[in-house]
Amino acid sequence: MKAQNLIERYQGGERDFVLVSLRGCDLSGADLYQANLSGADLGQANLSGANLMGVRLRRADLTWADLRRASLSGADLGMADLTGADLQEANLSFANLEGANVTPVQLSQAASLEGATLPNGTVHD
């Protein structure tokens, strides 16, 4: 699927994009509020500045994705692979990262982790 096709379908009211392949797509600044991208392949995708609030990204491939300044507040990233993903200034407040493949260094670059469930299951204060 192409990024523009996803955006058009989302704007048309569709929210379910389970297992979609968007590897390397440019979705910078996209508004995908509460979309279901579970199991999606978003490896190397540009999601910088995107509104991903409440988005379901369980078991998604986000390897080497650009998530700088993305809003992931309340997003479900459980079991997601964030290897090499850029989380600089990303808002991960109240996000679920339980079981996610992400390093403490990556998380330290986020703008907010308030209330987030971390990979080990603890809640950040």
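Reader: Which residue takes a positive phi just after helix 1?

Author: G13 does, with a phi of about 110°. Helices are DSSP runs of H or I with at least four residues, strands are runs of E with at least two, and both are numbered from the N terminus. The model is predicted, so local features need pLDDT of at least 70 and side-chain atom pairs pLDDT 80 or more, while totals for chains, interfaces and linings use all residues. Residues are numbered from 1 along each chain as its sequence is written, and side-chain values use heavy atoms, without hydrogens and water.

Reader: How many helices and strands does the chain have?

Author: The chain has 2 helices and 0 strands.

Reader: Which residues of helix 1 are buried?

Author: An α-helix has 3.6 residues a turn, so residues three or four places apart point the same way. In helix 1, residues 3-11, the buried ones (under 20% relative accessible area, 1.4 Å probe, protein chains only) are A3, L6 and Y10. Viewed down the helix axis, they fall within an arc of 65°, taken from the directions to the C-beta atoms, and therefore line one face of helix 1. Over the chain, buried residues make up 46% of the 125 residues.

Reader: What does the radius of gyration indicate?

Author: Over C-alpha atoms, the globule rule is 2.2 Å times the number of residues to the power 0.38. For 125 residues a compact globule would have a value near 14 Å, and the 13 Å of this chain agrees. The C-alpha atoms fill a box of roughly 35 × 25 × 20 Å along the principal axes.

Note on methods. Buried means under 20% relative accessible area, exposed over 50%, partly exposed in between (1.4 Å probe, protein chains only).
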